[in-house]
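Good morning, and thank you for attending. I would like to take you through one structure, beginning with its general form and then turning to its charged side chains.

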Amino acid sequence: MTQPPHDEPTAASPEELREQVEQTRAELGETVEALAARTDVKARAQEKATAAKEQATAKATAVKDQAAAKAGELKTRAADLAHQAQDQLPAPVKDKAAVAAEQARTKAAQAGRLWHDKAPEPVQQTSARVGRATRDHRGLVLAAAGTAVLVWLVRRRKR
């Protein structure tokens, strides 16, 4: 017969012995469950995949937020540069720009009517989507145009 472990007291009564047996069974059951969880490769792989997915999602969100913040900064900076360029333009250049803008609007209206009359329907739908996107980002388009005018003026003066 085996001797009881030295750290556990021996049972004085059958009831105490039953309690010790139940406690040992519970501990053994927990140990078996822990070992079974360690050998469940599929469950462990799923846990790791879930953790990797959550980490990738968090990283993507952080990068997206950083990109949005940077885009906002660049948009503000471009608008500031456009305003600075506009403030530095001499009055005759502003007048010429206003006349050119009016002529461009007139030509654009004529081209739009011609386009509507001649272009096939699918092409018109695509161009309408592009036009809506341009209108939605009007500030960015205007900033880019202002920057282009500024670059053109600087290059012109260097010649």
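What pattern does the chain follow when it is read along the sequence? The pattern is α-α-α-α-α. Please keep in mind that this is a predicted model. The chain has five helices and zero strands.

Let us begin with the overall form. A compact globule of 159 residues would have a radius of gyration near 15 Å, whereas this chain has 38 Å. The C-alpha trace spans about 110 × 45 × 30 Å along its principal axes. Of the 159 residues in the chain, 5% are buried. The accessible surface of the chain comes to about 14100 Å², and carbon and sulfur atoms account for 59% of that surface.

I now turn to the charges. The chain carries 27 positive and 21 negative charges. How far apart are the mean positions of these positive and negative charges? They are 27 Å apart.

Before I show individual pairs, one general remark is useful. Side chains of opposite charge can pair when their charged atoms come close. The structure holds four salt bridges, and I shall present examples from three helices.

The example from helix α1, which covers residues 14-39, involves E22 and R25. Their side chains meet in a salt bridge, with 3.1 Å from N to O. The two residues are three apart in the sequence, about one turn of the helix. Is R25 buried or exposed? R25 is exposed, because its relative accessible area is 54% and the cut-off for exposed is over 50%. Its partner E22 has 46% relative accessibility, so E22 counts as partly exposed.

In helix α2, the pair is K70 and E73. The closest N and O atoms of this salt bridge are 4.0 Å apart. Here too the two residues are three apart, about one turn of the helix. E73 is partly exposed, because its relative accessibility is 48%.

In helix α3, residues 91-118, we find R105 and E102. The salt bridge between their side chains has an N to O distance of 3.2 Å. Once again the spacing is three residues, about one turn of the helix. R105 counts as exposed, because its relative accessibility is 51%. E102 has a relative accessible area of 42%, and therefore is partly exposed.

Next, I would ask you to look at a group of positive residues. Which residues form the positive surface patch? The patch is formed by R129, R132, R135 and R138. Helix α4, residues 121-136, gives the most to this patch, with three residues. R132 is found in helix α4. With 41% relative accessibility, R132 counts as partly exposed, because exposed requires over 50% and buried under 20%.

Finally, I return to helix α2, which covers residues 41-88 and includes A79. A79 has a relative accessible area of 27%, so A79 is partly exposed. How many residues separate A79 and T147 in sequence? They are 68 residues apart in sequence, and 9.0 Å apart in space from C-alpha to C-alpha.

To conclude, the chain is built with five helices and zero strands, its radius of gyration is 38 Å, and the structure holds four salt bridges. Thank you for your attention.

Methods. Residues are numbered from 1 along each chain as its sequence is written. This is a predicted model: local features need pLDDT of at least 70, side-chain atom pairs count only at pLDDT 80 or more; totals for chains, interfaces and linings use all residues. Side-chain values use heavy atoms; hydrogens and water are left out. Patches are made of residues with over 30% relative accessible area and no salt bridge: like charges are joined within 9 Å, nonpolar side chains (Val, Leu, Ile, Met, Phe, Trp, Tyr) within 5 Å. Accessible areas come from the Shrake-Rupley method with a 1.4 Å probe; for residues, only the protein chains shown count as cover. Lys and Arg count as positive and Asp and Glu as negative; His and the chain ends are not counted. The place of a charge is taken as NZ of Lys, CZ of Arg, CG of Asp or CD of Glu. Helices (H or I, at least four residues) and strands (E, at least two) are DSSP runs, numbered from the N terminus. Buried means under 20% relative accessible area, exposed over 50%, partly exposed in between (1.4 Å probe, protein chains only). The radius of gyration is taken over C-alpha atoms; the globule rule is 2.2 Å times the number of residues to the power 0.38.
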